[in-house]
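Student: I am new to this structure and would be grateful for a close look at a single part. Please take the strands and the way they pair, and then follow the chain outward from there.

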Amino acid sequence: MIRAGSYTTAAIRPVCAADLPALSGFFEGLSVESRYLRFFAPVRPTHSLLRLLSGEPANVDAVVAVVDGVIVGHAIAADQTEPADPRGARATNVGIVVADAWQRRGMGVALMRALITRAQARGVTSLVMDVLPGNRRVIAMITSHWPDAAIGRSLDGLDIRIQLPRYQTPPPQARLATQPVRSLVTVGR
């Protein structure tokens, strides 16, 4: 890791099967509040939920932020299986959580940008997030970095939608599954 002053470098990469124990430890290490804000309940992820969070189903994309070999953030995008839109619009539902000690340092934005890049390559045209009204950090992140986001009410809280520009020439589907996220981000320490 390259450190400069009060900043450190984090790698953002896809989750792999070998990450399951570390992913479990990451979620166990979250405060009750962080787990509640992410899952709408103070759950401890079960093995089957961890498999979902690792991106195992074909319609799920999952990435992690790693600092010094430790997972400090997780983001997931589950492409929605809706009837085909005549305009070709496709949506994906996003969830993000960052370790308590790493919140408010830009890690959530970096994870979101990685998901956006990967979603656009799959032809996704909008991101959808369900957020509790009390999750001020995520709401502030969205409104400051994606000011055109539409925010409405849902049964559980807030429904946030971010329109994405269309990808001009998406890579062939065969390459998408193996395409790594190669982003390194510098965040406040």
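**The paired strands and their surroundings**

Tutor: Of the contacts in the protein chain that join residues at least 6 apart in sequence, 67% link residues at least 24 apart; a contact here means heavy atoms within 4.5 Å. The model is a predicted one, in which local features need pLDDT of at least 70 and side-chain atom pairs count only at pLDDT 80 or more, while totals for chains, interfaces and linings use all residues. Residues are numbered from 1 along each chain as its sequence is written, and side-chain values use heavy atoms, with hydrogens and water left out.

The protein chain contains six helices and nine strands. These elements are DSSP runs numbered from the N terminus, with helices (H or I) of at least four residues and strands (E) of at least two. Of the 189 residues in the protein chain, 46% are buried; buried means under 20% relative accessible area, exposed means over 50%, and partly exposed lies in between, with a 1.4 Å probe and protein chains only. The surface that the protein chain exposes comes to about 10200 Å², and carbon and sulfur atoms supply 55% of it. These accessible areas come from the Shrake-Rupley method with a 1.4 Å probe, and for residues only the protein chains shown count as cover.

A suitable place to begin is strand S4, which spans residues 70-79. Eight of its 10 residues are buried, so that S4 is mostly covered. S4 pairs with strand S3 (residues 60-67) in the antiparallel sense, over eight bridges; two strands count as paired if DSSP finds at least two bridges between them. Within this pairing, Ala 78 in S4 stands opposite Val 60. S3 and S4 form a hairpin with two residues between the strands, and in this hairpin Asp 68 has a positive phi near 50°. Most residues other than glycine have a negative phi.

S4 also runs antiparallel to strand S5, to which seven bridges join it. One of the residue pairs here is His 74 with its bridge partner Val 97 in S5. S5 covers residues 91-98, and the loop between S5 and helix H4 holds Arg 104. Arg 104, a residue other than glycine, likewise shows a positive phi, near 65°. It counts as exposed because its relative accessible area is 71%.

A further set of strands involves S6, S7 and S8. Strand S6 comprises residues 126-131 and includes Ser 126. Which residues does Ser 126 touch, if those up to four places away in sequence are not counted? They are Arg 90, Ala 91, Thr 92, Ile 162, Gln 163 and Leu 164. Ser 126 is counted as buried because its relative accessibility is 9%.

S6 pairs with strand S8 (residues 158-163) over six bridges, and the sense is antiparallel. In this region, Val 128 has Arg 161 in S8 as its bridge partner. S8 is also paired with strand S7 (residues 150-153), again in the antiparallel sense, over four bridges. Leu 158 in S8 stands opposite Arg 153. S7 and S8 make up a hairpin, with four residues between them.

From the strands one may turn to the interior. A nonpolar core is a set of buried Ala, Val, Leu, Ile, Met, Phe, Trp, Tyr and Cys residues joined through side-chain atoms within 4.5 Å. The largest such core has 52 residues, and those with the most contacts inside it include Ile 162, Met 107, Leu 111 and Phe 27. Helix H4 (residues 107-121) gives the most to this core, with nine residues. Ile 162 thus appears twice in this account: it is touched by Ser 126, and it is among the residues with the most contacts inside the core. Phe 27, for its part, is buried because its relative accessible area is 1%.
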